[in-house]
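Biologist: Could you take me through one part of this model slowly? I'd like a close look at the sulfur chemistry, and then whatever packs around it.

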Amino acid sequence: MRPRTTRAAVTAAAVFSMLAASFTAATAHAAAPGDTITLPVDHALAALPVRDEDRTGYERTKFRHWTDADHDSCSTRQEVLLEEAVTTPEQEAGCRLTGGSWYSPYDDTHFTAARALDIDHLVPLAEAWDSGAFTWTADEREAYANDLSDTRALIAVSAASNRSKADQDPATWQPTATGYRCTYATDWITVKTRWGLAIDTTEQSALTDLLTDCPNTPIEVTLAR
């Protein structure tokens, strides 16, 4: 016979779970830029600050992007295309890419021409501004817009899906490929954690709902701020 679970045991388990969440959230808040933290994705979501967003003063030009930080003639856009290619393209002078193939996970679509893809900021530039980047320096915004240090920050996707998404968050836009939504939500939370960005209440609710149907995957992230 299976042992009966007492009410006290259930209560103790619930208290332990809440304490564990509080501990991991406190750990995330105490970490410093350059530190690498690991915690369950639901704890990472709980650790994000919640506040209203404000787009006052936003201009896309305040995030200098597609730079060539290592001076190898390949811009950030081309670096992502090279990193995410399913079939490696030929790299010609000036980092012109020919041939190759790519997969767009937002809409479960394959491409054989680099020009058919956009490089999406998983957390859009406008969303980053709303969520805290309005307080950053120009250098910090440039670093965010060209973040090649975490492969979840930038993603090669179909131009159609990127333009459909625009600057929306998960409360109003989610990938049409439903099998990718858990990864999308987890990566969204990871990028916001990495850059110390806030979420608003509708975004928090949408992410919570998404995670209900997802494994509570541990995320590992190196903090940029």
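Which cysteine does a disulfide join to cysteine 182?

Modeller: Bear in mind that this is a predicted model. In it, a disulfide joins cysteine 182 to cysteine 214, with S to S at 2.1 Å. Cysteine 182 sits in helix H7, while cysteine 214 is in the loop between H8 and E8, so the pair links distant parts of the chain, 32 residues apart. The torsion about the S-S bond is about -90 degrees, so this disulfide is left-handed. Its two ends have different surroundings as far as solvent goes: cysteine 182 is partly exposed, at a relative accessible area of 25%, whereas cysteine 214 is buried, at 13%. The cut-off that puts them in separate classes is 20%, since buried means under that value.

The count of disulfides comes to two, and the other one is formed by cysteine 74 and cysteine 95, their sulfur atoms 2.0 Å apart. That link is right-handed, with 90 degrees about the S-S bond. Here too the pair ties distant parts of the chain together, 21 residues apart: cysteine 74 is in the loop between H2 and H3, and cysteine 95 in the loop between strand E2 (90–92) and E3. Cysteine 74 is buried, with a relative accessible area of 2%, and cysteine 95 counts as buried at 2% as well. Counting bonded cysteines along the chain, the pattern is 1-2, 3-4.

Now back to H7, the helix that carries cysteine 182. H7 provides six residues of the largest nonpolar core, which is the largest share. That core has 38 residues, and those with the most contacts inside it are Tyr106, Tyr144 and Ile189. H8 and E8, the elements on either side of the loop with cysteine 214, each supply at least two residues of this core, as do E1, helix H2 (41–47), H4, H5 and E7. As a rule, nonpolar side chains in soluble globular proteins tend to be buried together.

Take E8 (residues 218–222) next. Its covered face is Ile219 and Val221, and its uncovered one is Pro218, Glu220 and Thr222. E8 pairs with strand E1 (residues 36–40) in the antiparallel sense, over five bridges. In that pairing, isoleucine 37 stands opposite valine 221.

H7 also turns up around helix H5 (residues 138–145), whose buried residues are Arg141, Tyr144 and Ala145. These cover an arc of only 95 degrees around the axis, which puts them on the same side of H5. An α-helix has 3.6 residues a turn, so residues three or four places apart point the same way. The cover over the buried residues of H5 includes strand E6 (117–121), helix H4 (125–130), strand E7 (154–158) and H7 (181–195). If you zoom in on tyrosine 144, its contacts, leaving aside neighbours within four places in sequence, include Phe63, His121, Pro124, Trp136, Val191 and Trp195.

Apart from the largest core lies another, of 14 residues, and this brings us back to the other disulfide: Cys95 is among its members, along with Leu81, Ala85 and Trp102. Leu81 is also one of the buried residues of helix H3 (residues 76–84), the others being Thr76, Gln78, Glu79 and Val80. What covers them includes strand E3 (96–98), strand E4 (102–104), E6 and E7.

How values were computed. Residues numbered from 1 in each chain as written. Predicted model: local features only at pLDDT ≥ 70, side-chain atom pairs only at ≥ 80, totals over all residues. Heavy atoms only, no water. Buried < 20%, exposed > 50% of the residue type's maximum accessible area, 1.4 Å probe, protein only. Helix = DSSP H or I, 4+ residues; strand = E, 2+ residues; numbered from the N terminus. Arc of directions from axis to C-beta. Contact = heavy atoms within 4.5 Å. Pairing = 2+ DSSP bridges. Core = buried A, V, L, I, M, F, W, Y, C linked by side-chain atoms within 4.5 Å. Disulfide = S-S within 2.5 Å.
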